[in-house]
Amino acid sequence: MELIRSQEQIREALAAAPTGLCAGQWRPASDGSTFQVLDPSNGEVLARVANATAVDATTCIDQAEAALPAWSARSPRDRSELLMRAYGAMLDQAELLATLIVLENGKAWPDAVGEVRYAAEYLRWYAEEAVRDRGFVMTAPSGDNRIVVLHQPIGIAVLVSPWNFPAAMLTRKIAPAIGAGCTVLCKPAKETPLTALAMVKIFQDAGVPEGVINIAPTFQASSVVSTWLEDPRVRKLSFTGSTEVGRMLLAQASQRVVKCSMELGGNAPFVVLDDADIDAAVAGAMIAKMRNMGEACTAANRFYVDRAVVGEFTDKLTHAMAGLKMGPGLGKGVELGPLVNQDGQQKVAALVRDAIERGAKVRTGGRIPEGKGWYYEATVLTDVPQDAEILNNEIFGPVAPIVAVDGEEEAIGLANDCEMGLVSYLYTGDLSRGMRLSEALQSGMVGLNRGLVSDPAAPFGGSKQSGIGREGAYEGMQEYVEQKYIAVTW
């Protein structure tokens with residue numbers, strides 16, 4: 001297959017990514033150990049990366065603590081300009097970063113390029129927000145004194161990012177944290193450390209001082225993160241990942257009353273009503289379902305389609321899904337890359353198998369293709385029963401299970417019948433109806449006649465067991481500040 005990037009460009013990208021950990025300076029793991037980073041398109045080893053230990057985790061805290069006073073004392077304008085330099089550098093190196101994302105994550109080239117641009121926008125947004133962190137002054141109702149409220153950086157922040165968006169999920173955390181004046185400890189996913197390490201190097205080259213951003217790639221995440229959360233110098237945890245791991249980290253963080261923001265699992269409903277523009281709904285479904293091969297917390301997971309239009313919607317979605325070109329993410333014209341690892345592939349296969357055994361019908365796909373790599377065919381299932389595991393679990397793969405419903409009441413009832421509440425999608429031709437039902441959907445975000453909700457200027461986050469707090473927007477920086485109230489008379 002013809003590649004978008006030459007073999008020489010691929011080698012250059014891998015050579016440009018650091019393979020050590022950064023605790024003030026780049027260094028190997030304290031015990032010299034490493035772990036493998038694999039190419040999901042063929043299972044081959046891309047690189048070996050430093051395997052940070054608990055000792056390294058403590059060194060990272062030491063460096064973050066040493067850098068904190070000077071960094072938090074820097075003017076908002078200084079921090080803003082450093083973020084803008086990092087933004088420009090990230091765009092300058094967009095192709096290098098996109099290549100690393102494809103190689104270690106598996107996503108198709110257009111998806112990877114889109115992620116880099118999206119990730120960079122968080123740097124620009126928080127460069128702008130850094131100079132607008134608002135406190136306030138007011139007169140007390142009694143008239144006896146003034147109420148002065150200041151925003152101060154919370155301190156050292158632990159940032160745990162996932163593998164599915166190795167660039168964007170990291171900038172979404174780093175940018176508001178350092179923009180607010182915090183220093184950070186980053187733990188990237190073991191599947192995708194190369195992108196994260198390359199990005200930290202970009203920050204350093206942009207002028208971010210030593211110790212402000214520390215990163216500890218590791219195959220023993222619990223040891224590293226536990227070391228951080230048990231240290232009294234750490235005051236903040238931002239985690240993106242599964243609800244199961246989030247619960248454990250919340251329990252651990254509670255022991256030292258560490259402030260937490262959690263972006264956890266999703267099981268997004270995609271509702272298509274009888275008055276929807278079906279072509280627009282299918283186009284939106286392809287974005288909501290197939291962004292990053294379906295490996296996204298915002299991915300449409302359950303399709304509830306009015307019986308009056310379910311036939312047309314299913315036919316058109318099946319045609320679109322069946323037409324996707326599958327292959328290595330750097331292959332020309334590829335739209336569907338491999339899943340990130342074999343466990344993910346086997347989970348998707350098991351969910352589809354369970355649905356079929358319970359009576360679901362396969363309209364397209366439904367198989368693991370032969371050959372190397374952790375691929376799964378783009379799949380559409382119909383007649384999916386409510387007790388099927390695929391409707392009650394986050395799929396994280398390119399599978400669209402469709403359920404026919406009778407009217408909006410049933411659709412919204414099924415959509416809300418879930419412990420998760422990250423995002424919902426709704427298609428209708430009636431804006432008034434759409435706004436009314438958007439309010440009724442129990443999720444932190446709603447895509448109304450849109451298949452994409454993510455935006456650096458919007459507060460990203462969920463309700464119920466999908467998370468705590470918000471990332472992006474003005475609210476995202478508030479996660480990294482403490483309010484200090486001063487009662488004063490003058």
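Good morning. The chain has a secondary structure of 15 helices and 22 strands, where helices (H or I, at least four residues) and strands (E, at least two) are DSSP runs, numbered from the N terminus. Please keep in mind that this is a predicted model, in which local features need pLDDT of at least 70, side-chain atom pairs count only at pLDDT 80 or more, and totals for chains, interfaces and linings use all residues. Residues are numbered from 1 along each chain as its sequence is written, and side-chain values use heavy atoms, with hydrogens and water left out.

I begin with the chain as a whole. Its C-alpha trace spans about 70 × 65 × 40 Å along the principal axes. The radius of gyration is 23 Å, which agrees with the value near 23 Å for a compact globule of 490 residues; the radius is taken over C-alpha atoms, and the globule rule is 2.2 Å times the number of residues to the power 0.38. Of the 490 residues, 58% are buried. Here buried means under 20% relative accessible area, exposed means over 50%, and partly exposed lies in between (1.4 Å probe, protein chains only). Among contacts with a separation of 6 or more, 73% come from residues 24 or more positions apart, a contact being heavy atoms within 4.5 Å.

I turn now to helix packing. Helix 5 (residues 109–129) and helix 6 (residues 168–180) pack at an angle of about 5 degrees, with their axes 8 Å apart. Axes are lines fitted to C-alpha atoms, for helices over the stretch in contact, and angles run from 0 to 180 degrees between N-to-C directions. Helix 5 is therefore roughly parallel to helix 6; angles under 35 degrees count as roughly parallel, over 145 as roughly antiparallel, 65 to 115 as roughly perpendicular and the rest as oblique. Helix 5 contributes Glu115, Tyr118, Ala119, Tyr122, Leu123 and Tyr126, which meet Ala168, Thr171, Arg172, Ala175 and Pro176 in helix 6. By class, this contact has 8 nonpolar, 1 polar and 2 charged residues. For these classes, Ala, Val, Leu, Ile, Met, Phe, Trp, Tyr, Cys and Pro count as nonpolar, Asp, Glu, Lys and Arg as charged, and the others, Gly among them, as polar.

How do helix 1 and helix 4 stand to each other, parallel or perpendicular? The axes of helix 1 (residues 7–16) and helix 4 (residues 94–105) come within 9 Å and cross at roughly 95 degrees, and the two helices are therefore roughly perpendicular. Ile10, Ala13, Leu14 and Ala16 in helix 1 meet Leu96, Thr99, Leu100 and Leu103 in helix 4. This contact has 7 nonpolar, 1 polar and no charged residues.

Next, the strands. An open sheet of 3 strands has the order 5-6-22 and antiparallel pairing; two strands pair if DSSP finds at least two bridges between them. Strand 5 (136–139) and strand 22 (481–488) stand at the edges with a single partner strand each, so one side of each lacks a neighbour in the sheet. From one strand to the next, the twist averages 20 degrees. Strand 6 (residues 146–153) is joined to strand 22 by 8 bridges, and glutamine 152 stands opposite glutamate 482 in strand 22.

Just before strand 6 comes asparagine 145, in the loop between strand 5 and strand 6. Asparagine 145 is buried, with a relative accessible area of 17%. Beyond its neighbours within four places in sequence, asparagine 145 contacts Met138, Thr139, Ala140, Tyr485, Ala487, Val488 and Thr489.

Strand 7 (156–160) and strand 8 run parallel and are joined by 5 bridges. One pairing is isoleucine 156 with threonine 183 in strand 8. Why is strand 8 (residues 183–187) described as largely enclosed by the rest of the structure? The reason is that 5 of its 5 residues are buried. In a regular strand the side chains alternate between the two faces of the sheet. In strand 8, Thr183, Leu185 and Lys187 lie on one side and Val184 and Cys186 on the other, and all are buried.

Serine 161 lies in the loop between strand 7 and helix 6. At 4% relative accessibility, serine 161 counts as buried. Outside its neighbours within four places in sequence, its contacts are Met169, Leu170, Lys173, Lys187, Pro188, Ala189 and Thr240.

I close with two backbone details. Valine 257 has a phi near 50 degrees, a positive value in a residue other than glycine, and is exposed at 63% relative accessibility. Alanine 473, in helix 15 (residues 473–478), has a positive phi of about 60 degrees and is buried at 3% relative accessibility.
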